[in-house]
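User: I would like to go through this model and ask, for each label attached to it, what the label rests on. Please set the values against the cut-offs as we go.

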Amino acid sequence: MSSDARTGSRADEAGVRRDSPADGDGAPTRSCSFCGTGTSAPLALQWYDRPDVDRPVGVPDHGGLDLCRDCADEVVELLSTWTALGAPPVDGDASIADGYRRIADACSFCEDPLDGDAVGVEWYGTDGDADAAPQYANYALCEDCRIVTGQFLQSVREDCR
């Protein structure tokens, strides 16, 4: 089962979405995308790419990752080195990925100029995080950094199991 970082819904292997069970306080519990541990306060990473591009290894087809605090440490460390952007414009005529391409001039990771095929990455932390990553941020990645970040996420997933 996988979870959608933006909605908190869950998808089974067939891709059918359903609400997550609640924890004892009534808050939805989501499973960490890497280790499977249930958490009611996940740190989340949402990936926005062109629909005609395969997601890199380490990023699920729906683009969302929910991370428990233990599995998020290395991801937070990486994100703390990236240059954050403003929120992408979202309108009915363009995808969210297109919005990232309109606001980003350079890759948030390597800072090289973007060639127009940027992937958008949205981060959701929580209030009072002691971690270096912000509570909410947007980033854009060039093609090379998109691939490297996907490989990094796959490596972190393997370490968290």
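The exchange below takes up the overall layout, then the sheet, the core, the aromatic residues and one loop residue.

User: What kind of model is this, and how many helices and strands are there in the chain?

Analyst: This is a predicted model, and its chain holds three helices and nine strands. Along the sequence they follow the pattern β-β-β-β-β-β-β-α-α-β-β-α. Of the 161 residues, 46% count as buried, and among contacts between residues at least 6 apart in sequence, 58% join residues at least 24 apart.

User: What makes S8 and S9 a pair of strands, and are they parallel or antiparallel?

Analyst: Two strands pair if there are at least two bridges between them, and six bridges join S8 to S9, so the condition is met, with the two strands running antiparallel. One of the residues involved is Val119, whose bridge partner in S9 is Leu141.

User: Which strands make up the open sheet, and why are some of them called edge strands?

Analyst: The sheet has four strands in the order S7-S6-S8-S9, with antiparallel pairing. Strand S7 (64–67) and strand S9 (136–141) each have a single partner strand, so one side of each lacks a neighbour in the sheet, and for that reason they stand at the edges. Neighbouring strands of this sheet are turned by 15° against each other on average, when direction is ignored. Helix H1 (residues 69–79) lies across S6 (43–48), S7, S8 and S9, and runs at about 55° to S6.

User: What is the largest nonpolar core made of, and which element gives the largest share?

Analyst: That core has 31 residues, and those with the most contacts inside it are Phe34, Leu45, Val75, Trp123, Leu141 and Leu153. Two or more residues each come from S6, S7, H1, S8, S9 and helix H3 (143–160), and the largest share, six residues, is that of H1. In soluble globular proteins, nonpolar side chains tend to be buried together. As for Leu141, leaving aside residues up to four places away in sequence, the residues touched by Leu141 include Trp47, Trp82, Phe109, Val119 and Arg146.

User: Why is the pair of Trp82 and Tyr139 called edge-to-face?

Analyst: Rings pair if their centres lie within 6.5 Å, and planes over 60 degrees apart count as edge-to-face. Trp82 and Tyr139 lie 5.2 Å apart centre to centre with 80° between the planes, so both conditions are satisfied and the label follows. Trp82 is in the loop between H1 and H2 while Tyr139 is in strand S9, so the pair ties together parts that are 57 residues apart in sequence. A search of the whole structure finds four aromatic pairs, and Trp82, Phe109 and Tyr139 form one aromatic cluster.

User: How do you know whether Trp82 and Tyr139 are buried or exposed?

Analyst: Buried means under 20% relative accessible area. Trp82 has 7%, so Trp82 is buried, and Tyr139, at 1%, therefore counts as buried too.

User: Where does Asp115 lie, and is Asp115 buried or exposed?

Analyst: Asp115 lies in the loop between helix H2 (96–103) and strand S8 (119–124). Exposed means over 50% relative accessible area, and because Asp115 stands at 62%, Asp115 counts as exposed. The C-alpha atoms of Asp115 and Cys142 are separated by 7.5 Å, although the two residues are 27 residues apart along the chain.

Note on methods. Residues numbered from 1 in each chain as written. Predicted model: local features only at pLDDT ≥ 70, side-chain atom pairs only at ≥ 80, totals over all residues. Heavy atoms only, no water. Buried < 20%, exposed > 50% of the residue type's maximum accessible area, 1.4 Å probe, protein only. Contact = heavy atoms within 4.5 Å. Axes fitted to C-alpha atoms, helices over the stretch in contact; angles between N-to-C directions. Core = buried A, V, L, I, M, F, W, Y, C linked by side-chain atoms within 4.5 Å. Phe/Tyr/Trp six-rings, centres within 6.5 Å; stacked < 30°, edge-to-face > 60°.
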